[in-house]
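User: I am new to this structure and would like a close look at a single part of it. Please take the salt bridges and go through the residues that form them.

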Amino acid sequence: MGDRHFIMIALAIQAACGFFFVSDILSSFFGFWAEPIPWQYREFIEIGAAVGLALGIGMGAIALKRSHRHRRRAEEQLRIASAAFMDVLEDQFSDWGLTPAERDVALFAIKGLSTAEIAALRQTSEGTVKAQTNAIYRKAGVNGRAQLLSLFIEDLLADRPPEPETLLIADESGAGLPAPQDVPKVAAPALTGRG
C-alpha cells in the first residue's frame, strides 16, 4: 500500500471517529435525536470510535516515519548526484587545462552567479573575471554560460546506466540473433502503383 493511501485511510478513520464524538456532543446540547441510543450500543460505538482514533494515530505515525525515511533516501540520492556532478566538473576542468582561478570562476558561473558576484567573492575586478570567463569558454569550445552548463548536463545524462541487453536467440549456424520482440518494427512501404 502506498504512503498516500495509508495517510488517506488514517485520516478517514480519524475523521469518522471525530465526527461521532462531535455529533454526540452537539446532539446532547441541541437535542438532535429524540430517542437516546441504548447504553449497550452507545458503549460499543464509543469503544469502536476510541479504537479507531488510536488506530488512526498509529497509522499516522507509521506514515510520518515512512515519509522521513523517503526524505532521507532522497537527500542521500541528491548527495550522491551532487558528488557525481562535482566529479564530472573536475574531470572536464582537467581536460580543458583550466588554472585554479579559472576553475573557481567556472564553478561560480555554472552555479549562476553574475560577473559582479564572482568578482566580489574572489575579491578581484569584474574585468579580470570577464577575461577568465572568456578563457574558460575558449578552452571549453563554447560561446557562453548556457553552452558551458549544457556540456555537463550532457555528460551526466551520458553516464546513465545502459539499457538492459537484448535477448539473443541462436540461428541455425549458432550465431546469436535478436529475439523477435527486440527487433524494431519497420512500417511497410505504401503501395502506390496502379494495377
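Analyst: What follows is a short outline of the protein and then a walk through some of its charged side chains.

The model is a predicted one. The protein has six helices and two strands, and along the sequence these come in the order α-α-α-α-α-α-β-β. Of its 195 residues, 20% count as buried. Among contacts with a separation of 6 or more, 54% are between residues 24 or more positions apart. The accessible surface is about 14,600 Å², and carbon and sulfur atoms make up 63% of that area.

Five salt bridges are present in the structure; three of them are described here, including one within a helix.

That one pairs Arg79 with Glu76, whose closest N and O atoms are 2.5 Å apart. Both residues belong to helix α2 and sit three residues apart, about one turn of the helix. Arg79 counts as exposed because its relative accessibility is 52%, and the cut-off for that class is over 50%. Glu76, at 35%, is partly exposed.

The next pair links two helices. Arg103 forms a salt bridge with Glu90, with 2.7 Å between the closest N and O atoms. Arg103 is in helix α3 and Glu90 in helix α2, so this bridge ties together parts that are 13 residues apart in sequence. Both ends are partly exposed: Arg103 has a relative accessibility of 22%, and Glu90 has a relative accessible area of 38%.

Helix α3, residues 100-110, also holds Glu102. The partner of Glu102 is Lys139, and the closest N and O atoms of this salt bridge are 2.8 Å apart. Lys139 lies in helix α5 (residues 126-140) and Glu102 in helix α3, so the pair ties together parts that are 37 residues apart in sequence. Lys139 is partly exposed, with a relative accessible area of 29%. Glu102 counts as buried because its relative accessibility is 9%, and buried means under 20%. Leaving aside residues up to four places away in sequence, Glu102 touches Gly97, Gln132, Ala135, Ile136 and Lys139. Its salt-bridge partner Lys139 is thus listed among its contacts as well.

Helix α2 returns with another group of charges. Lys65, Arg69, Arg72 and Arg73 gather on the surface in a patch of positive charge. One of them, Arg69, lies in helix α2, which covers residues 39-96. Arg69 is partly exposed, with a relative accessible area of 37%. That value fits its place in the patch, because patches are made of residues with over 30% relative accessible area and no salt bridge.

Conventions:
Residues are numbered from 1 along each chain as its sequence is written. This is a predicted model: local features need pLDDT of at least 70, side-chain atom pairs count only at pLDDT 80 or more; totals for chains, interfaces and linings use all residues. Side-chain values use heavy atoms; hydrogens and water are left out. Patches are made of residues with over 30% relative accessible area and no salt bridge: like charges are joined within 9 Å, nonpolar side chains (Val, Leu, Ile, Met, Phe, Trp, Tyr) within 5 Å. Accessible areas come from the Shrake-Rupley method with a 1.4 Å probe; for residues, only the protein chains shown count as cover. A salt bridge is a side-chain nitrogen of Lys or Arg within 4 Å of a carboxyl oxygen of Asp or Glu. Lys and Arg count as positive and Asp and Glu as negative; His and the chain ends are not counted. The place of a charge is taken as NZ of Lys, CZ of Arg, CG of Asp or CD of Glu. Helices (H or I, at least four residues) and strands (E, at least two) are DSSP runs, numbered from the N terminus. Buried means under 20% relative accessible area, exposed over 50%, partly exposed in between (1.4 Å probe, protein chains only). Contact means heavy atoms within 4.5 Å.
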